[in-house]
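Biologist: I would like to learn how to read salt bridges in a model. Please take me through them one step at a time.

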Amino acid sequence: MKCSRLSVLLLLMEAQQYLNQVTSSAGFNNIEYAPKTGENPLPESRNEKGEFVYMGRVIDRPEDYVEEHYDAHQYHGQDGLGQFAYGYKDWNQGKNEKKDQSGTVTGTYKYVQPTGRDFIATYYADRTGFHVEDNRPEHEKSPPTKTPAVRQAEEEHFKLWGELAAAAGHNPDPFAPEYQQEGRYEPPPQQNEYVHQEPPYVPGPDEQGEPKGFFYAFDYNVPLLRNKQERAELEQLRANNNN
């Protein structure tokens, strides 16, 4: 069934409104994990050997585990003009990404590290390349310094090398300036920033006609097997490392 020009334009407008609503919300760069909706003991299930089984996995001590439930979410939308937005959130990770009409892509993602600390990164990609920032602590870099033992070893090495070179008929000066590495490292002059030039896009025969947009969003239950002791340890790590 063919859509009329008016119906296509209405779908396009709805998709654009959805994209504007999603990408302008405060939650786009502030990802929240999927909320926990409940937990229960593992459902009774045993194989022909009498072993306790949960989702195909043999559990030796089912009393040490619980089945948690989370309300996960995902969405995806595009307007047919090059713009799109998609994202998801689960119990320990989430991501949002969007692209505007100029081709610039921006996004953010977040997940729980084994240390319990949240790793958060934001990024964008445009004509100048890919750029990313994250919440890892910065480390100051300083030039290496030579200890007295290292300097003495260098002197002995260069002295022996000079003696051997002289004996072989060559006599380079091991203490010439070009062989020395004293002083602070100076980086090379900064070069001009590279700008990538894309040729203009030419749509193919199958891409002609009115632009078409779509969007969807839905929630779904995620059951999760959790060891009680490991869960308590991770929660303690999160409490200590996310303050």
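Modeller: Start with one pair: lysine 36 and glutamate 39 form a salt bridge, with 2.6 Å between the closest N and O atoms. The term means that a side-chain nitrogen of Lys or Arg is within 4 Å of a carboxyl oxygen of Asp or Glu. This is a predicted model, in which local features need pLDDT of at least 70 and side-chain atom pairs count only at pLDDT 80 or more, while totals for chains, interfaces and linings use all residues. Side-chain values use heavy atoms, without hydrogens and water, and residues are numbered from 1 along each chain as its sequence is written.

Biologist: How many salt bridges does the rule give?

Modeller: The count is 12.

Biologist: Which side chain meets glutamate 39 in a salt bridge at 2.8 Å, N to O?

Modeller: That of arginine 231. Arginine 231 is in helix H3 (residues 228–241) and glutamate 39 in strand S1 (residues 36–40), so the pair ties together parts 192 residues apart in sequence. Helices (H or I, at least four residues) and strands (E, at least two) are DSSP runs, numbered from the N terminus.

Biologist: Is arginine 231 buried or exposed?

Modeller: Buried means under 20% relative accessible area, exposed over 50%, and partly exposed in between (1.4 Å probe, protein chains only). Arginine 231 counts as buried because its relative accessibility is 14%. Glutamate 39, at 39%, counts as partly exposed, and so does lysine 36, at 41%.

Biologist: Which residues are linked in a network of salt bridges?

Modeller: The network links Lys36, Glu39, Glu68, Arg226 and Arg231.
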